[in-house]
Structure formats: C-alpha cells, structure tokens
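Subject: Structure for you to look at

Dear colleague,

Here is the structure I said I would pass on. My notes on it follow below the display.

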Amino acid sequence: MSVSGEVVNAQNGYNKLGDVQLSFLQGDQTVASATTSNRGRYAVELPAGNYLARAAKNNWITMEKNVTVTGTVRVGQGADIAMSAVLPPGRSEERRVGKEC
C-alpha cells in the first residue's frame, strides 16, 4: 500500500525538511526506507501492518512515530513527522536565564 507523508520543522510546523532519512521498522527489521524531497515529501510502499517510522537528519533530533497502515495513507493522514533542530551548546541556558550585563 502507498504511504506518503511530509516532514516539517516542529518549531513552526511549516518549513519542509529535505534530505531526511526515513526508515519503517517492524521489530528490528527495516521494511522500507525513503529520503524526503526538498519539499519535505516522501512515499513508500508497505504491506498492511504496524510500523515504527524513524526520521533522521544531521543536526536534527531523530524522531520516531507509530504508523498503522490499513490502506493508502496520504500526506496529512497520520504519517507526517515534525522534527526539532539540535540547539548549539549553551543556547537553551541563554534562553532560560537571559544575558548578563
């Protein structure tokens, strides 16, 4: 069955992420894999079943999501993933306490 999705920046939910490596796993076995286009879109063929979708990209936090396939899945129907960028060291601390003068 055809499974299509979109990977976006979790900070705004709008910016599409290209070159994200996606793997669809059942247990330890990779059943399908794909790489997103520059518009953040991907498509794979999967048999019906339950999968763990794993999305990875350099300098971004790897995300995992459970995806159930019972028929065709289109963008916006449960296989979309939002990813967060890895913050540089010290960045989150600056936001919390502010800069000292």
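Two strands count as paired here if DSSP finds at least two bridges between them. The model is a predicted one, and on that criterion four of its strands form an open sheet, in the order β3-β2-β5-β6. The pairing in this sheet is antiparallel. β3 and β6 are the edge strands, each of them pairing on one side only. From one strand to the next, the twist averages 25°.

Within the sheet, I looked at the β2 and β3 pair. These two strands are joined in the antiparallel sense over six bridges. One of the residues involved is Leu25, whose bridge partner in β3 is Thr30.

Next, the interior. The largest nonpolar core has 21 residues, and those touching the most other members are Val7, Leu22, Phe24, Leu46 and Met83. At least two residues of this core come from each of β1 (2-9), β2 (21-26), β3 (29-35), β4 (41-45), β5 (49-56), β6 (63-69) and β7 (81-83). β5 supplies the largest share, three residues.

Phe24 deserves a separate entry. Setting aside neighbours within four places in sequence, Phe24 is in contact with Gln29, Thr30, Val31 and Ala32, with Tyr42, Val44 and Leu46, and with Tyr51, Leu52 and Ala53.

Is Ala34, a residue of strand β3, buried or exposed? Its relative accessible area is 13%, and the limit for a buried residue is under 20%, so Ala34 counts as buried. With neighbours within four places in sequence again left out, Ala34 is in contact with Val20, Gln21 and Leu22, and also with Tyr42, Ala43 and Val44. Val20 is 14 residues from Ala34 along the chain, and the C-alpha atoms of the two are separated by 8.2 Å.

Two loop residues have backbone angles to check. Asp19, in the loop between β1 and β2, is not a glycine but has a positive phi of about 60°. Asn59, in the loop between β5 and β6, is also a residue other than glycine, and its phi is positive, near 70°. The relative accessible area of Asn59 is 63%; exposed means over 50%, so Asn59 is classed as exposed.

That is the full set of notes for now.

Regards

Methods
Residues are numbered from 1 along each chain as its sequence is written. This is a predicted model: local features need pLDDT of at least 70, side-chain atom pairs count only at pLDDT 80 or more; totals for chains, interfaces and linings use all residues. Side-chain values use heavy atoms; hydrogens and water are left out. A nonpolar core is a set of buried Ala, Val, Leu, Ile, Met, Phe, Trp, Tyr and Cys residues joined through side-chain atoms within 4.5 Å. Buried means under 20% relative accessible area, exposed over 50%, partly exposed in between (1.4 Å probe, protein chains only). Contact means heavy atoms within 4.5 Å. Axes are lines fitted to C-alpha atoms, for helices over the stretch in contact, and angles run from 0 to 180 degrees between N-to-C directions.
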